[in-house]
Amino acid sequence: MPWNRVLAATAAGGVAGLAALAGRYAAGVARAGREWPTLVEAGLGGLGEVDEVSILPLVERLTPKDSGLRGEPGVSYLVSAGGRRVLFDSGLSGGTPQSALAHNARALGVAFAGLDAVVISHLHADHVGGLRAMRQHTFTFSGEPLEPPGVPAHVPTQMRHPRADVVVTSGPTVIGPGMAVLPPLPRMLFWLGYVTEQVLVVNVAGFGLVLISGCGHPRIEQILGVTERVLDVPIRAVVGGLHLPVHAARTPLVPQAILGNPHPPWQPISERDAEHVIKEIHARGPQVVALSGHDSTPWAYDAFGRAFGDRYRTLRAGEELQITAAAA
């Protein structure tokens, strides 16, 4: 076949492929718009409260200097409250024998045997232990079986696990004193497709709600609005990922900026998106805002620092965040 015909056929195939993706994207956006209101419950009773909550990042992109901890573009937090220990997400390298999660947990003296529950925010590789785990609809801590047998695992979509007791979240659910998972909210991403994501909330006496997010793919007004409707308690802390790889060029976050973009490819995640997130959080009068570096750029850290002042911190592996009534 002459080269001009080869090039023409290749171009035609590319246009057709992009058109198919655009059609899938439009259908997914419409589906998300239809489905998320049905997930809102009138209220959740029996949540209770705790005196304090500790959030220890076991996996984050950023690590303290000379800490010996491994950084990676994934998330895993040990959340301790009310005498219960919950692992929120399991990072990116969980399928490897020496995962960042296993390495950092040992370095920080964290044992998985005593976990009371696992919460998976959403089924993306950087939150379930890697691409293989994502494709198999499971999660993993390491190449060796470190997950405690029978531990309840609250997941936002159909998943399986050979050791854990998998519970698919279908509505707001109390998972311990003062701790709950909220309904998974949908979002359509142009390249990665349809995703549902849930947040973990902790009700601290004399303070209010601490909201813990994996990536924050759903719209921020939906995350905060559903939390407020389900629980009649003010949101006083927002912790974790909010997917703001603004000005990602010349940073390691180009994959997050492209693959995790909720907009069409010609509309990158922008300063306007970050300003909208900041405005929505600011309206709740938060006392603590802590942003994950796994999906946010230095530009985003600076923007949040300017907006929230001494109420803001950038999360780093091994740097524990404790919230009590005294933080109010």
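**Close-up 1. Where helix H7 meets helix H8.** On the H7 side of this contact sit Glu271, Ala274, Val277, Ile278, Ile281 and His282, and they meet Trp299, Ala303, Phe304, Ala307 and Phe308 of H8. Sort those residues by class and you get nine nonpolar, one polar and one charged. The two helix axes come within 11 Å and cross at roughly 35 degrees, and the crossing is right-handed. Keep in mind, here and in the other views, that this is a predicted model.

**Close-up 2. Two phenylalanines on helix H8.** Phe304 and Phe308 both belong to H8, which covers residues 298–308. They are four residues apart, or about one turn of the helix. Their ring centres lie 5.9 Å apart with the planes at 40 degrees, so this pair counts as tilted rather than stacked, the cut-off for stacking being under 30 degrees. Are these two rings buried or exposed? Phe304 has a relative accessible area of 0%, so it is buried. Phe308 is buried too, at 2%. Both phenylalanines also turn up in the H7 contact of the previous view.

**Close-up 3. Helix H5 alongside helix H7.** Here H5 (residues 220–230) packs on H7 (residues 271–282), with the axes 9 Å apart and an angle of about 15 degrees between them. Because that angle is under 35 degrees, H5 counts as roughly parallel to H7. The crossing of H5 and H7 is right-handed. Look for Ile220, Glu221 and Leu224 on H5, which make the contact with His276, Val277, Glu280 and Ile281 on H7. By class, that's four nonpolar, one polar and two charged residues. Val277 and Ile281 are worth picking out: they are part of this contact with H5, and they also meet H8.

**Close-up 4. A stacked aromatic pair across two strands.** A search of the whole structure turns up seven aromatic pairs, and this view shows one of them, Tyr77 with Phe88. The ring centres are 6.2 Å apart and the planes sit at 15 degrees, so the pair is stacked. Which strands do the two residues come from? Tyr77 is in strand E2 (residues 76–81) and Phe88 is in strand E3 (residues 84–88), eleven residues apart, so to speak a link between distant parts of the chain. Both Tyr77 and Phe88 are buried.

**Close-up 5. A three-residue aromatic cluster.** Which residues make up this cluster? Tyr25, Phe190 and Trp191 form it together.

**Close-up 6. Two aspartates with positive phi.** Asp66 and Asp89 each have a positive phi despite not being glycine. For Asp66 the value is near 60 degrees, and for Asp89 it is near 70 degrees. Where do they sit along the chain? Asp66 lies in the loop between strand E1 (52–59) and E2. Asp89 lies in the loop between E3 and helix H2 (100–107). Their surroundings contrast: Asp66 is exposed, with a relative accessible area of 74%, whereas Asp89 is buried, with a relative accessible area of 0%.

How values were computed
Residues are numbered from 1 along each chain as its sequence is written. This is a predicted model: local features need pLDDT of at least 70, side-chain atom pairs count only at pLDDT 80 or more; totals for chains, interfaces and linings use all residues. Side-chain values use heavy atoms; hydrogens and water are left out. Axes are lines fitted to C-alpha atoms, for helices over the stretch in contact, and angles run from 0 to 180 degrees between N-to-C directions. Angles under 35 degrees count as roughly parallel, over 145 as roughly antiparallel, 65 to 115 as roughly perpendicular and the rest as oblique. A crossing is left-handed if the near helix is turned anticlockwise from the far one by less than a right angle, and right-handed if clockwise. Contact means heavy atoms within 4.5 Å. Ala, Val, Leu, Ile, Met, Phe, Trp, Tyr, Cys and Pro count as nonpolar, Asp, Glu, Lys and Arg as charged, and the others, Gly among them, as polar. Rings of Phe, Tyr and Trp (its six-membered ring) pair if their centres lie within 6.5 Å; planes under 30 degrees apart count as stacked, over 60 as edge-to-face and the rest as tilted. Buried means under 20% relative accessible area, exposed over 50%, partly exposed in between (1.4 Å probe, protein chains only).
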